[in-house]
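Trainee: I want to learn how to read a sheet and its pockets from a model. Where do we start?

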Amino acid sequence: MATLVPLARPSLTALEESAVLTVLRSGRLSMGEQLTQFEHSFRTYLGLPQAVAVSSGTAGLHLVVRGLGLAPGDEVITTPFSFIASASCLLFEGVKPVFVDAEPQTGNIDPRLIPAAITPRTKAVLAVHVFGCPADMAAVRKVADKHHLFVIEDACEALGAAACGQAAGTLGDAGVFAFYPNKQITTGEGGMIVTRRTELADFCRAARNQGRTPGCAWLEHHILGYNYRLDELSAALGCVQMSRLPDILAKRAEAAARYESLLAGTPEVSLPGAAPYAQPSWFVYVLRFGSRYWRDTVGAALTRQGIECKPYFPSIHLQPLFAQRFGYTPGAYPRSERLSDTSLAVPFFTDITAAEQELVAQAISTAIKEGRGAA
Ligand SMILES: *Cc1c(COP(=O)(O)O)cnc(C)c1O
């Protein structure tokens, strides 16, 4: 079946095309003006002193983990209900992820479970703003401060979101955004580290660039570094996308509201909603069903009709890598597992049309009617 409605699609205009073409024609394809501009746009948008662009969100998380000095033997408390990168970035440095279960409503880390997971080896809490709905950062911060832990924000899904009026990404010691094509803004591949910590930013700037410290000779390497640079074509895309951000966020909010009115009143489906303190920035639109049966029934029906959908997220602790390495078995984090079993992301992107959303909603209600007949 050909794809009728994709799960995600980037929003690109003539502005992006011309910006990329200009870079292409300039001959300067790495480490130029676009990178500087893109970083500047983040500092301005978030009101933070430091922004370091990198080649992906995962690269950004890795540099933050390393830059905060986390090392083998250390533990970091994080959530099993997330995309794999928020935990694998710890494994890169031999740091042990210690999971605490998710809040059943938001899918975000449950701050009330953090204290019991703290040991003398705990160095940080890594919170993820799942699906663009901010975690309870005030509560996370409170526990972290009490125990002198760093707070790392995986804001890869949350550009434009806020908690208690403060922008996601600015609420911890460092925040990381990502620009894969399904995110709110895209650079193709790309990421951004934001922080108030000058030393951390300096480390990230050197470590993304083969360990070159600013001002040193090109072939002089002071620390172990990587090639995590963001190229100019990507950065140019990012500059244009940032200039369009208010419009992009407004359209996504509108699309979320439209799904809400189309799908309200279907008892088998519960709709995503942010916590009272949170202003979400919709990354994906994830429906929740009363049981795995309903999720799978609706998922299969949509797929048959060419409407893309995905079970977001499978719990990280049950991914083969983590299950094998740490010995997790089903039941270890029941709330996360329940979310994994009952959630379905449906098509959602900036330029989704009302007609496409109506098609999706229609297919969902038809699948449910048929499912009721069969059950
Ligand atoms: C997208 C994403 C990342 C990683 O981003 P990449 O740019 O694909 O490396 C990390 N964490 C979360 C929660 C994400 O959704």
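Mentor: We take the sheet, then the helices packed on it, then two pockets. Keep in mind that this is a predicted model.

Trainee: What is the strand order of the open sheet of seven strands, and what kind of pairing does it have?

Mentor: Read a sheet from one edge to the other. Here the order is S1-S9-S8-S5-S4-S2-S3, and the pairing is mixed.

Trainee: Which strands stand at the edges?

Mentor: Strand S1 (50-54) and strand S3 (96-99) do. Each has a single partner strand, so one side of each lacks a neighbour in the sheet.

Trainee: How many degrees are neighbouring strands turned against each other on average?

Mentor: The average is 25 degrees, with direction ignored.

Trainee: Let us zoom in on one pair. How many bridges join strand S8 to strand S9?

Mentor: Look at the bridges and the direction together. Strand S8 (residues 174-178) and strand S9 (residues 191-195) run antiparallel and are joined by five bridges. To fix the register, take one partner pair: Ala174 bridges to Thr195 in S9.

Trainee: Which strands does helix H2 touch, and at what angle to S1 does its direction lie?

Mentor: For a packed helix, list the strands in contact, then take an angle. H2 (residues 33-46) packs on the sheet and touches S1, S8 and S9. The direction of H2 makes about 135 degrees with that of S1. Helix H3 (residues 57-67) also packs on the sheet, with contacts to S1, strand S5 (150-154), S8 and S9. For H3, the angle to the direction of S8 is about 165 degrees.

Trainee: Now the pockets. What is the volume of the largest pocket?

Mentor: Start with volume, then go to the lining. The largest pocket has about 310 Å³. Its lining counts 22 residues, and Thr58, Phe83, Ala178, Tyr180 and Lys183 are the closest to the centre. H3 and helix H4 (85-91) are the elements that give two or more residues to this lining. H3 gives the most, three residues.

Trainee: How does the lining of the largest pocket divide by class?

Mentor: There are 11 nonpolar, seven polar and four charged residues.

Trainee: Which residues lie nearest the centre of the second largest pocket?

Mentor: Apply the steps again. This pocket has a volume of about 240 Å³. Among its 13 lining residues, Pro104, Gln105, Ser270, Arg288 and Leu339 lie nearest the centre. Strand S12 (285-289) and helix H12 (334-342) each supply at least two lining residues. H12 has the largest share, four residues. By class, this lining has six nonpolar, four polar and three charged residues.

How values were computed: Residues numbered from 1 in each chain as written. Predicted model: local features only at pLDDT ≥ 70, side-chain atom pairs only at ≥ 80, totals over all residues. Heavy atoms only, no water. Pairing = 2+ DSSP bridges. Axes fitted to C-alpha atoms, helices over the stretch in contact; angles between N-to-C directions. Contact = heavy atoms within 4.5 Å. 1 Å grid on protein atoms, 1.4 Å probe; cavity = no way out; pocket = protein on both sides within 12 Å on 5 of 7 lines; lining within 4 Å. Points joined across faces, edges and corners; volume = space filled by probe spheres on them. Nonpolar A, V, L, I, M, F, W, Y, C, P; charged D, E, K, R; others polar.
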